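The exercises below are meant to be worked with the sequence and the coordinates side by side. Each task is followed by a solution that proceeds step by step.

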Amino acid sequence: MVGVTVPLDPQRIMMYSRLDRDKEQVVFKMTEYSNLAKGLFESRAEMHRRVYTHQKVKSIEFMVCDALTLAQEPLGIRDAVADGADIQMYLHLDDSLIQRLQVLKADQYECARDIQKAQELLLQVAKRKLYKYVQEVTVSAGSPWQDKLPAAEEIIGYQSTSATGVRLRAEDVIVCETRIDQGMKSQNPMDRVNFYQTRDAEARDRHFPITVQEVTNMFGTVFQVGVLSLSSEAITPSNLVCTVARTPAVCSALKYVFVYTHKACSPRDVLVKMWIPARC
């Protein structure tokens with residue numbers, strides 16, 4: 001349904017697995033190394049990269065978070081997460097928050113304007129008028145962004161209005177860092193998996209780990225990637241600086257600014273992963 005092929009054979013995993021009762025751990029036949037490494041762990045990272053952190057998914061996430069932040073007082077979010085809060089209040093923080101926000105009577109609260117903005121954001125989500133995804137780069141080792149994200153103020157500080165005629169504010173952009181891994185951050189999860197073999201009758205009951213070098217040199221050696229993405233709130237109704245008609249110019253300005261934000265960056269420091277044309 002999402003266009004991502006998962007090369008996992010669960011039947012083989014079940015067939016060639018056994019329980020190590022001493023270590024209380026499931027172990028697998030050594031022939032299933034590739035099935036586990038590619039079908040399970042690499043597929044997990046691929047699903048996160050292409051589905052769970054897809055640009056549209058992140059845009060909706062940002063908009064819903066902004067809406068809930070604006071309406072956190074009437075929804076009781078702040079009280080539910082405060083120290084010493086009643087657990088029953090916390091348990092009510094479920095998916096019904098969205099429906100409760102949609103039917104709130106704004107004029108009954110002091111923060112009526114914030115509630116209206118929040119409801120407008122949810123309406124924009126329903127109409128698919130989302131925050132615009134602008135640019136994404138992979139943060140490589142040695143990059144100036146590896147340990148510290150560039151602030152929105154820093155990004156817009158390098159903009160030039162001569163080409164686009166648009167002047168951006170810090171609140172017009174969202175900088176987001178996403179770390180995608182195979183389940184153990186920068187470590188190889190296969191290092192924690194134990195295997196057994198059947199060719200040697202004397203060693204059939206012995207369980208052991210396998211290093212990737214013992215299998216093939218074609219597996220990767222990087223198990224976590226940091227992705228820095230930039231989105232724009234320019235098309236939201238509450239934004240008074242940019243209108244829908246000017247959104248393409250905003251996207252173009254942000255693309256240029258984002259890639260060349262940090263003066264210390266060189267083309268080798270920042271690898272452009274995706275370049276989305278400004279289609280608004």
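The expected span of a helix is taken as 1.5 Å times one less than its number of residues. The model is predicted, and every value below is computed from it.

**Exercise 1. Compare the span of helix α3 with its expected span, and list the residues of α3 that are buried.**

Solution. Begin with the length: α3 covers residues 55-70, which gives 16 residues. The distance from its first C-alpha to its last is 23 Å, close to the expected 22 Å. Next, apply the burial cut-off, under 20% relative accessible area. In α3, the residues Q55, K58, S59, F62, M63, A67 and L68 are buried.

**Exercise 2. Do the same for helix α8, then find what its buried residues pack against and what follows the helix.**

Solution. Helix α8 has 15 residues, and its C-alpha span of 21 Å is close to the 21 Å expected. Its buried residues are A112, I115, A118, L121, L122, Q124 and V125, and the buried residues of α8 pack against α3, α4 (72-75) and α7. After α8 comes R128, with a positive phi near 65°.

**Exercise 3. Describe the largest nonpolar core, and state which element gives the largest share of it.**

Solution. As background, nonpolar side chains in soluble globular proteins tend to be buried together. The largest nonpolar core holds 22 residues, and those that touch the most other members are M63, A67, L68, L75, L101 and Y131. Two or more residues of this core come from each of α3, α7 (96-102), α8 (112-126) and β4 (173-181), while the largest share, 6 residues, is that of α8. A second, separate core has 13 residues, among them I13, Y33, L36 and V212. To look at one member of the largest core, take L68: leaving aside neighbours within four places in sequence, L68 is in contact with L75, I77, L97, I98 and L101.

**Exercise 4. Work out the strand order of the open sheet that contains β1, and identify its edge strands and pairings.**

Solution. The open sheet consists of 4 strands in the order β1-β2-β5-β6, with mixed pairing. Its edge strands are β1 (17-20) and β6 (208-209), each of which pairs on one side only. At one end, β1 and β2 (residues 25-29) are antiparallel and are joined over 4 bridges, with S17 having F28 in β2 as its bridge partner. These two strands form a hairpin with 4 residues between them, and E24 in the turn has a positive phi of about 50°. At the other end, β5 (residues 194-196) runs antiparallel to β6 and is joined to β6 by 2 bridges, with F195 standing opposite F208 in β6.

**Exercise 5. For R128, K185 and P150, decide where each is placed and whether each is buried or exposed.**

Solution. R128 is in the loop between α8 and β3, and K185 is in the loop between β4 and β5. Neither is a glycine, yet phi is positive in R128, at about 65°, and in K185, at about 55°. The cut-off for exposed is over 50% relative accessible area. R128 is therefore exposed, at 53%, and K185 also counts as exposed because its relative accessibility is 60%. P150 lies in the loop between β3 (132-139) and α9 (152-156); its relative accessibility is 3%, so P150 counts as buried. The C-alpha atoms of P150 and L228 are separated by 9.4 Å, although the two residues are 78 residues apart along the chain.

**Exercise 6. Characterise the largest pocket by its volume and its lining.**

Solution. The volume of the largest pocket is about 380 Å³. Its lining comprises 21 residues, of which E42, A45, Q182, V222 and F223 are the closest to the centre. At least two lining residues are supplied by each of α2 (33-52), β4 and β7 (224-232), and the largest share, 8 residues, comes from α2.

**Exercise 7. Summarise the chain as a whole by its elements, its burial and its contacts.**

Solution. The protein chain contains 11 helices and 8 strands. Of its 280 residues, 40% are buried. Among contacts with a separation of 6 or more, 73% are between residues 24 or more positions apart.

Note on methods
Residues numbered from 1 in each chain as written. Predicted model: local features only at pLDDT ≥ 70, side-chain atom pairs only at ≥ 80, totals over all residues. Heavy atoms only, no water. Pairing = 2+ DSSP bridges. Buried < 20%, exposed > 50% of the residue type's maximum accessible area, 1.4 Å probe, protein only. Core = buried A, V, L, I, M, F, W, Y, C linked by side-chain atoms within 4.5 Å. Contact = heavy atoms within 4.5 Å. 1 Å grid on protein atoms, 1.4 Å probe; cavity = no way out; pocket = protein on both sides within 12 Å on 5 of 7 lines; lining within 4 Å. Points joined across faces, edges and corners; volume = space filled by probe spheres on them.
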